[in-house]
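Q: Please take one part of this chain and describe it closely for a first-year student. Then show what can be said about other places in the chain, so that the part is not left on its own.

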Amino acid sequence: MISIGSVRSPGDAASYYARDNYYTADQAEGASAWAGEGAAELGLSGQVDAEQFAKVLAGELPNGVILNAKRGEHRAGWDVTMSVPKSVSILALVGGDQRLVVAVRQAAAATLAWAEANIAEGRVWNSKGQMPETTGRFVAATFLHDVNRVGEPQLHVHNVIANVTRTADGKWRALHADQLYERQHVMDAVFLSMLRGRVETLGFVTIPRHDGRNGAFEIAGVSREVVEAFSVRSAQIDAYIKERGLENTPRTRQYAALATRDPKSPDLAPEQRAEGWQRLAAEKGAGSGSVGEGRTGGGRAGA
């Protein structure tokens with residue numbers, strides 16, 4: 001599921017997104033990466049450096065170009081967050097199936113590439129005035145995280161798209177981002193389809209989620225009780241929407257998420273967090289040896 005939000009402060013954003021939160025040390029390596037044709041043209045590749053990231057968000061490009069906002073301050077960019085179905089997070093992080101983590105990263109990368117090819121636009125002047133131009137270039141940084149704000153297992157990828165693109169005349173300009181919002185449902189469907197295909201290729205059986213929005217799914221064999229036990233944050237958002245009689249849309253959920261957001265839970269040692277997840281799974285009858293039953297065949301979780 002995809003949410004979109006503005007990145008307001010380059011410094012704060014760099015500090016937050018560059019902080020990985022994996023519960024095992026070996027997963028932290030490579031948790032961030034530059035992405036997009038625009039990033040490649042600027043020589044940005046590999047793991048994201050926080051200082052360089054902050055400069056790009058501030059409009060200071062590695063090639064010496066500085067983007068100046070014509071009105072007010074330069075807008076930093078947008079965070080396109082791709083979150084996976086809860087059952088995928090449970091099997092990957094509680095069940096220990098690292099193949100699912102790889103599948104999430106691949107699906108997110110493929111979706112970002114689709115958005116870049118179909119949505120990335122700049123604005124150029126011609127005889128008719130300022131017009132949008134498809135550029136096919138994002139300058140983006142991606143960050144893979146594993147928990148939500150209340151410390152539950154929740155794989156999600158922050159795709160931070162800087163407010164810059166290169167148009168056909170070779171100039172670097174601000175990104176025209178209206179299409180990101182207008183085609184949010186389409187991006188969501190693309191991501192879920194990309195992920196579902198990869199999950200099924202690994203041998204898992206998938207089923208439509210109870211709401212089925214944009215092709216949402218869960219993995220068979222992970223009970224609704226287990227999913228709900230690890231979905232306190234989602235329940236908070238649902239309750240907020242229901243109490244106010246609001247329509248349950250991506251925009252409404254983003255608003256509800258902000259309205260109900262508390263400061264992040266105190267950071268626990270990776271081992272403590274993993275132990276807590278295992279205890280909860282066991283209490284719901286789904287210990288690490290049984291949460292991965294939704295396969296058509298193949299090896300055990302983590303194999």
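A: The answer below begins with one helix and then moves to other parts of the chain.

The model is predicted. The helix chosen is α4, which covers residues 50-57. Which residues of α4 are buried? They are Phe53, Ala54, Val56 and Leu57. Looking down the axis of α4, these buried residues fall within an arc of 160°, so they line one face of the helix. A general rule helps in reading such a pattern: an α-helix has 3.6 residues a turn, so residues three or four places apart point the same way.

Both ends of α4 have a detail to look at. At the start of α4, a side-chain oxygen of Asp49 comes to within 3.2 Å of the backbone nitrogen of Glu51. Just after α4, the residue Gly59 has a positive phi of about 90°.

The loop between α4 and β3 can be taken next, with β3 covering residues 77-83. Glu73 is placed in this loop. Is Glu73 buried or exposed? With a relative accessibility of 76%, Glu73 counts as exposed, because the cut-off for exposed is over 50%. Along the chain, Glu73 and Ala58 are 15 residues apart, and their C-alpha atoms are separated by 9.2 Å.

The chain as a whole gives the setting for α4. The protein chain has 12 helices and 11 strands. Of its 303 residues, 49% are buried. The chain exposes about 14500 Å², and carbon and sulfur atoms supply 49% of that area. Among contacts in the chain with a separation of 6 or more, 68% are between residues 24 or more positions apart.

Several strand residues show how parts of the chain far apart in sequence come together. Ala33 is in strand β2, residues 32-35. At 23% relative accessibility, Ala33 counts as partly exposed, because buried would need a value under 20%. Ala33 and Thr142 are 109 residues apart along the chain, while their C-alpha atoms are separated by 5.3 Å. Setting aside neighbours within four places in sequence, Ala33 is in contact with Gly46, Gln47 and Val48, and also with Ala140, Ala141 and Thr142.

Asp146 belongs to strand β6, residues 140-147. Its relative accessible area is 0%, so Asp146 is buried. The C-alpha atoms of Asp146 and Ser89 are separated by 8.0 Å, with their positions 57 residues apart along the chain.

Phe217 lies in strand β11, residues 217-219, and at 0% relative accessibility Phe217 counts as buried. Phe217 and Pro85 are 132 residues apart in sequence, yet they are 6.7 Å apart in space, C-alpha to C-alpha. Not counting residues up to four places away in sequence, the residues that Phe217 touches include Pro85, Val88, Leu192, Leu195 and Ile207.

Val88 also appears in a pairing of two helices, α5 and α6. Helix α5 (residues 86-94) and helix α6 (residues 98-119) pack with their axes 7 Å apart, at an angle of about 135°. The two helices α5 and α6 are therefore oblique to each other. In α5, Val88, Leu91 and Ala92 meet Gln98, Leu100, Val101 and Val104 of α6.

The last stop is helix α7, residues 178-182, where Gln179 is placed. The side chains of Gln179 and Glu182 make a polar contact at 3.0 Å. Apart from neighbours within four places in sequence, Gln179 is in contact with Ile119 and Glu121.

To return to α4: its buried residues, Phe53, Ala54, Val56 and Leu57, line one face of the helix.

Key. Residues are numbered from 1 along each chain as its sequence is written. This is a predicted model: local features need pLDDT of at least 70, side-chain atom pairs count only at pLDDT 80 or more; totals for chains, interfaces and linings use all residues. Side-chain values use heavy atoms; hydrogens and water are left out. Buried means under 20% relative accessible area, exposed over 50%, partly exposed in between (1.4 Å probe, protein chains only). Helices (H or I, at least four residues) and strands (E, at least two) are DSSP runs, numbered from the N terminus. The arc is that of the directions from the helix axis to the C-beta atoms. A polar contact is a pair of N or O atoms within 3.5 Å; within protein, one must be able to donate a hydrogen and the other to accept it, and residues adjacent in sequence count only if both atoms are side-chain atoms. Contact means heavy atoms within 4.5 Å. Accessible areas come from the Shrake-Rupley method with a 1.4 Å probe; for residues, only the protein chains shown count as cover. Axes are lines fitted to C-alpha atoms, for helices over the stretch in contact, and angles run from 0 to 180 degrees between N-to-C directions. Angles under 35 degrees count as roughly parallel, over 145 as roughly antiparallel, 65 to 115 as roughly perpendicular and the rest as oblique.
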